[in-house]
Amino acid sequence: LHLALWLLIRAAGTSQSQTGCFGNINNVDTTGASCATASPEGLSYCGESASEKIAERDLYTMNKYKTIIESAGQKKCVDPAVIAGIISRESHAGTILSNGWGDYGYGFGLMQVDRRYHTIVGQWNSEEHLLQGTGILVSMIEGIQQKFPNWTKEQQLKGGISAYNAGLGNVQTYPNMDIGTTHNDYANDVVARAKYYKRNGY
């Protein structure tokens, strides 16, 4: 009996660590990247396929951080694929940063934590930084849960991703949550990228 119970707990823990506490990213609807996001990447198409292509380009560099992404995800109970999706969108896995800084000197690190609103923690490519960024994401998801208690977990997850970019106040309705985010596609693009990373080992 004890062995069976242990195996059951172990299986539950494993599945939870992979999907996190905030819904299943594979069940979140998405329209993918807008043309405003895809075009500067040199793509002649938009949508989910554009998000996937951008995420694919970032995969090699992303894998350098896979261990700390997974560790941060486990500690915050967030799907590592979601963290990777945000890192791809924010910093192309760090490749567009200058000494860890981006966004005209306001954004710091792989997840581009904004120094105007947060006290910067850790090195730009450290687990400490990822824990801070992921913690901010969790606070946004929890804020959306309070604001829209009738949304499904997956809808709340998507809303939290949108709020990570533009704040809780920007999320007014589910269909239009991305209006007001960068290129009006932030959550949709991140979700599509996260699904790609989910299929590729995250």
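User: Before we look at the contact of H3 with H8, what does contact mean here?

Analyst: Contact means heavy atoms within 4.5 Å. In this predicted model, that criterion picks out Glu48, Ser51, Glu52, Ile54, Ala55, Glu56, Asp58, Leu59 and Met62 in H3, which meet Asp189, Ala192, Arg193, Tyr196, Tyr197 and Arg199 in H8. Sorted by class, the contact of H3 with H8 has seven nonpolar, one polar and seven charged residues.

User: How should I describe the geometry of such a pair, and at what angle do H3 and H8 cross?

Analyst: Two packed helices are described by the angle between their axes and the distance between the axes. For helix H3 (residues 48–62) and H8, the axes come within 8 Å and cross at roughly 55 degrees. That makes H3 oblique to H8, since an angle between 35 and 65 degrees falls outside the parallel and perpendicular classes. The crossing in which H3 passes H8 is right-handed.

User: Which angle and axis distance describe the packing of H5 and H8?

Analyst: Helix H5 (residues 80–91) packs against H8 at an angle of about 125 degrees, and their axes are 7 Å apart. H5 and H8 are therefore oblique to each other, and the crossing of H5 with H8 is right-handed. On the H5 side the contact is made by Ala81, Val82, Ala84, Gly85, Ile86, Ser88, Arg89 and Glu90, and on the H8 side by Tyr186, Asp189, Val190, Arg193, Ala194, Tyr197 and Lys198. Those residues of the contact of H5 with H8 divide into eight nonpolar, two polar and five charged.

User: How many of the 14 residues of H8 are buried?

Analyst: The cut-off for buried is under 20% relative accessible area. In H8, 13 of the 14 residues are buried, so this helix is largely enclosed by the rest of the structure. As for its length, H8 covers residues 186–199 and reaches 20 Å from its first C-alpha to its last, close to the 20 Å expected at 1.5 Å a residue. After H8 comes Gly201, which has a positive phi, near 100 degrees.

User: Which residues other than glycine have a positive phi?

Analyst: Cys77 has a positive phi near 60 degrees, in a residue other than glycine, and Gln112 likewise has a positive phi, near 50 degrees. Cys77 is found in the loop between H4 and H5, and with 17% relative accessibility it counts as buried. Gln112 is placed in the loop between strand E2 (107–108) and strand E3 (113–114), and at 10% relative accessibility Gln112 counts as buried.

User: In the loop between helix H4 and H5, is Val78 buried or exposed, and what does Val78 contact?

Analyst: Val78 lies in the loop between helix H4 (66–76) and H5, and its relative accessibility of 3% means that Val78 counts as buried. Leaving aside neighbours within four places in sequence, Val78 is in contact with Gly20, Phe22, Gly73, Ile83, Thr134, Leu137 and Val138. Proximity along the chain is a separate matter, and the C-alpha atoms of Val78 and Arg115, 37 residues apart along the chain, are separated by 23 Å.

User: Where is His129 found, and which residues does His129 touch?

Analyst: His129 is found in helix H6 (residues 127–147), and it is buried, with a relative accessible area of 0%. Not counting residues up to four places away in sequence, His129 touches Phe108, Gly109, Leu110, Met111, Gln112, Val113, Val121, Gln123 and Trp124.

Methods:
Residues are numbered from 1 along each chain as its sequence is written. This is a predicted model: local features need pLDDT of at least 70, side-chain atom pairs count only at pLDDT 80 or more; totals for chains, interfaces and linings use all residues. Side-chain values use heavy atoms; hydrogens and water are left out. Helices (H or I, at least four residues) and strands (E, at least two) are DSSP runs, numbered from the N terminus. Buried means under 20% relative accessible area, exposed over 50%, partly exposed in between (1.4 Å probe, protein chains only). The expected span of a helix is 1.5 Å times one less than its number of residues. Axes are lines fitted to C-alpha atoms, for helices over the stretch in contact, and angles run from 0 to 180 degrees between N-to-C directions. Angles under 35 degrees count as roughly parallel, over 145 as roughly antiparallel, 65 to 115 as roughly perpendicular and the rest as oblique. A crossing is left-handed if the near helix is turned anticlockwise from the far one by less than a right angle, and right-handed if clockwise. Ala, Val, Leu, Ile, Met, Phe, Trp, Tyr, Cys and Pro count as nonpolar, Asp, Glu, Lys and Arg as charged, and the others, Gly among them, as polar.
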